[in-house]
Amino acid sequence: MTIQEITTRKEDQTFDCKSFQIEPKALAVSIVAFANADGGVIAIGVSDKTRKIEGIDQHTEKLNELLRVPFDFCNPSVPVTCSYLPCTDKDGNENRILLMEIPASSSLHTNQADEAFMRVGDKSRKLTFDERVQLMYDKGERYYEDTAVYDATIDDIDMDAVADYAKLVGYGKSPLQYLQENNGFVRTNKKGEEEVSTACILLFGKYPQKFFPRARTRFIRYEGVDEKVGAEMNVIKDVTFEGTILNQVKKTIEFIETQVREHTFLGQHAQFVTKRDYPEFVIQEMTVNACCHRAYNIKGTEIQIKMFDDRLVFESPGKLPGQVKPNNIRHTHFSRNPKIAAFLKAYHFVKEFGEGFDRICREQEANGANVPSFRTDEFILKITVPKVTEKVTVKNEKVSEKVTVNDGDVTQKVTVTRQGLLEKLIERASINGDKLTENRIAILGLMIDNPYISKIELAKVVGISTNSIMRNIDYMRGKYLRRVGADKNGFWEIIE
């Protein structure tokens with residue numbers, strides 16, 4: 001992590017900034033919250049309000065107090081890893097920032113007052129008694145990825161796969177040393193024997209199904225909208241993907257993409273638009289979630305992804321993990337398998353913890369489809385993703401005909417609307433005391449002209465760097481503009 005990343009990254013599910021002046025009791029709340037959730041990093045010596053770099057070298061005594069917090073103010077103590085990042089502070093002096101890396105824990109942690117907290121988005125939320133009891137149960141389930149696999153040895157691990165991952169995360173020693181020194185992938189028991197963890201086999205095993213036969217993903221496509229059996233069986237595709245979790249994720253997404261229909265038409269702003277049965281991000285995120293959050297201790301069935309004419313159904317062993325419920329899933333995150341989740345995040349299959357499902361819902365809504373629905377049958381979580389309806393596609397095709405026939409009129413109307421809309425935004429900013437600079441007004445104008453414009457294109461036209469473009473967009477996001485759909489295929493929408 002660099003100084004620039006620390007000063008520009010938003011606080012989220014796995015990252016927080018704290019002033020060096022923070023009290024030990026307050027720091028304990030954040031540490032406990034991260035340990036109870038998905039782990040994370042706390043950068044100490046950076047103001048969480050202004051992001052000014054304060055540093056930590058001014059007072060050795062205070063620094064020692066903060067370093068003792070995971071032991072003296074957390075129960076049980078949290079195994080935090082501390083490191084220091086050289087920096088130049090706000091006064092121009094050489095200084096350092098303290099980075100506390102908190103792992104996701106298989107224990108329930110509390111502060112000195114016996115209060116339990118959990119990281120939810122960018123906040124540390126205090127848990128009720130019932131939530132504490134539920135979290136203790138879920139953490140027991142979470143521990144499964146750390147359990148030793150009976151009869152598995154080092155010979156069952158693909159060291160080339162380990163080497164690839166170690167290189168990706170910047171680990172410079174040998175693959176075997178990585179396994180022995182990280183995440184408890186390989187441990188030595190009391191008898192002096194090496195044990196290989198479940199997560200290690202699932203992520204790096206030469207053939208994980210040797211030990212977990214049903215740790216696989218199955219895609220089934222049905223003709224029609226019902227699942228029929230016997231003489232009326234309507235299965236037209238049935239494919240199973242095995243190997244490591246990474247291999248399953250890649251192959252499953254790749255295959256589902258071959259089954260998705262696309263419709264291209266001329267949409268608003270005289271731009272060709274491709275409408276898919278299911279947005280690309282939705283397919284990727286749902287597949288990743290199924291593989292990442294399934295309960296691997298349930299061994300009687302595999303993940304099943306069922307495609308009907310009107311919906312996709314993802315069936316995964318287990319229930320919604322931790323504090324995640326249907327009514328809070330868009331903004332609450334809990335990894336049943338945090339080591340597997342961190343692995344997939346390193347390969348960019350997990351974007352940001354806590355944001356994936358909200359984006360799935362926004363993608364569905366942006367494409368005119370309903371958001372996914374949930375139900376649990378026995379021990380199987382079933383999530384149904386409705387197909388983007390034909391009605392929406394037909395509606396857009398009618399719009400395209402209008403654009404084609406009356407292209408001149410539409411261009412004139414858009415031009416008038418552009419100026420009027422910009423004037424409204426500037427007036428609103430003045431009333432609210434916001435600062436819409438010339439660059440921000442230019443960005444908004446370009447987005448009105450072309451909602452699909454990229455940040456690189458914006459940078460070229462406005463004449464500033466892409467980083468500056470993103471800072472200006474972040475300032476206006478939620479107040480004057482919003483992103484609809486995926487980063488790749490989505491578009492900008494002005495908030496009137």
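Begin by selecting Phe281, Val282, Ile283, Gln284, Glu285, Met286, Thr287, Val288, Ala290, Cys291, Cys292 and His293, which are the buried residues of helix H9. The model on screen is a predicted one, and every value given on this tour is computed from it. Extend the selection to the whole of H9, residues 280-293, and place a distance between its end C-alpha atoms: they are 20 Å apart, which agrees with the 20 Å that its 14 residues should span at 1.5 Å a residue. With the surrounding chain shown again, the setting of the helix can be read, since twelve of the 14 residues of H9 are buried and H9 is therefore largely enclosed by the rest of the structure.

Next, select glycine 55, which lies in the loop between strand E2, residues 40-44, and helix H3, residues 60-72. Glycine 55 counts as buried because its relative accessibility is 0%, below the 20% under which a residue is called buried. Add glycine 45 to the view: although glycine 45 and glycine 55 are ten residues apart along the chain, their C-alpha atoms are separated by 4.4 Å. Gly45 also belongs to the residues that glycine 55 touches, together with Phe20, Asn95 and Arg96, when residues up to four places away in sequence are not counted.

Finish at threonine 110, which is found in strand E6, residues 110-111. Threonine 110 is likewise buried, because its relative accessible area is 3%. To display what surrounds threonine 110, select Val32, Phe73, Cys74, Asn75, Glu115, Ala116 and Arg132, with which threonine 110 is in contact once its neighbours within four places in sequence are left aside.

Definitions and conventions:
Residues are numbered from 1 along each chain as its sequence is written. This is a predicted model: local features need pLDDT of at least 70, side-chain atom pairs count only at pLDDT 80 or more; totals for chains, interfaces and linings use all residues. Side-chain values use heavy atoms; hydrogens and water are left out. Helices (H or I, at least four residues) and strands (E, at least two) are DSSP runs, numbered from the N terminus. Buried means under 20% relative accessible area, exposed over 50%, partly exposed in between (1.4 Å probe, protein chains only). Contact means heavy atoms within 4.5 Å. The expected span of a helix is 1.5 Å times one less than its number of residues.
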